[in-house]
Structures are given as structure tokens and as C-alpha cells.
Amino acid sequence: MPTTVETIRQHLIDNPSAMPSQIAAELNVSEFEVVSVLPTEQLALLPVSEKDALLTSLPEWGNMTTIVSASGSIFEFKGSFPKGKYAHGYYNLITKGDGLHGHLKLDDISAIALISKPFRGTESHSINFFGPAGEVVFKVYLGRDKKRVLLPEQVARFKAIKAELQAATV
């Protein structure tokens, strides 16, 4: 029997501290199916057509945490999201020396979600990039200072984008 939106929504209500990836695994659905039914105060969807503007701005935000999950393993990079440029079918992340390197296949991004969901009882905000099957390709979490407090200027930028997107859907 297929999992319904109501089943996912009820699971979110019953398990408020569960991460979308946990719920997706438990219900055997994609992570995007879970994310897409988050309460409106926790979610804003950025049109995929806006990905270039977002990726161009991220290097200006300062230190953040970029996460890539693969086969149950989680890779984290803490630092500024690098600038990039298109070449050979990829958005190539450009760094000089140390830092996050890579090649993003942005043509395969099907959705971008700005998520505000507490993590272990702490305020948390992330930008999630989803692939064609509703899987997370990578996430970028807002940065924190040495006391683990979110960086206020990043929170302000994030909330401004999220508010603009939410206002556009009303």
C-alpha cells in the first residue's frame, strides 16, 4: 500500500525531532516526499530556475557546513561555499588551495528546499538540493560561531529569501 501525504504528515507530527531522512527511510519514501509536507513555517521551495543566483550568492555568506550523504555515510565540509562556473556540463566549484572542491550536475537538480527545522533541540536552517528521484544531492547548513550559535547575518539572509518565497506563494 502506498504511503499517503497524510501518513507522512502524521509521522512528522508524532515524531517532531526526527530528521526527514529518518522518516523517509522508515516510510520507504523519498526525502523530498517528506520535506514537501513540512509545515509552511519550516519550508520554502526555491524555483530551480533560481539555483544560479543562489549558488552565486552562497560564497558571500561566510562559513557554513556542506553535507553530502552517500550509502549511509555522511561527509561534512565546514567553510565557505566556493564560487563556481559552468563548464563541460557541470557547475565546477573553484577553490584555490584548501576547501570544498567538486563538480555539480545541476541539470539533475529537481527541487531546492529552504528548511527551518530544529536539530537536537537547536534552531537549524539548511538549503537542500534534491535529485530526480527525490533524494538529497547535498545540503548547506547555516554556520555557527564557537559557542554553536547560528551566525545572525546568515540567518537574516536565509529568512529573507524564505519569506520572499513564502509571500510569492500566498
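These numbered points cover the sheet, the helix packed on it and the nonpolar cores of a predicted model.

1. Start with the sheet. It is open and has six strands. Their order is β1-β7-β8-β9-β2-β3, and they pair in an antiparallel way.

2. Look next at the edges. These are β1 and β3, the latter spanning 73-80. Each edge strand has pairing on one side only. On average, neighbouring strands of the sheet are turned by 20° against each other, direction ignored.

3. One strand pair deserves a closer look. β8 and β9 run antiparallel and are joined by five bridges. To find one bridge pair, go to Ser126: its partner is Tyr141, in β9.

4. Now add the helix. α5 packs on the sheet. It touches β1, β2 (63-70), β7 and β8. The direction of α5 makes about 75° with that of β1.

5. Which residues have the most contacts inside the largest nonpolar core? They are Leu58, Phe81, Ile127 and Phe129. This core has 25 residues. Elements giving it two or more residues include the strands β1 (43-46), β5 (90-94) and β7 (111-116). The helices α4 (51-57) and α5 (152-168) also belong to that list, as do β8 (125-130) and β9 (136-141). α5 gives the most, with three residues.

6. Take Leu58 as a way into this core. Set aside its neighbours within four places in sequence. Leu58 is then in contact with Met64, Phe81 and Ile127.

7. Do not stop at one core. Apart from the largest lies another, of 17 residues. Among them are Ile23, Val29, Ala111 and Ile115.

How values were computed: Residues numbered from 1 in each chain as written. Predicted model: local features only at pLDDT ≥ 70, side-chain atom pairs only at ≥ 80, totals over all residues. Heavy atoms only, no water. Core = buried A, V, L, I, M, F, W, Y, C linked by side-chain atoms within 4.5 Å. Buried < 20%, exposed > 50% of the residue type's maximum accessible area, 1.4 Å probe, protein only. Helix = DSSP H or I, 4+ residues; strand = E, 2+ residues; numbered from the N terminus. Contact = heavy atoms within 4.5 Å. Pairing = 2+ DSSP bridges. Axes fitted to C-alpha atoms, helices over the stretch in contact; angles between N-to-C directions.
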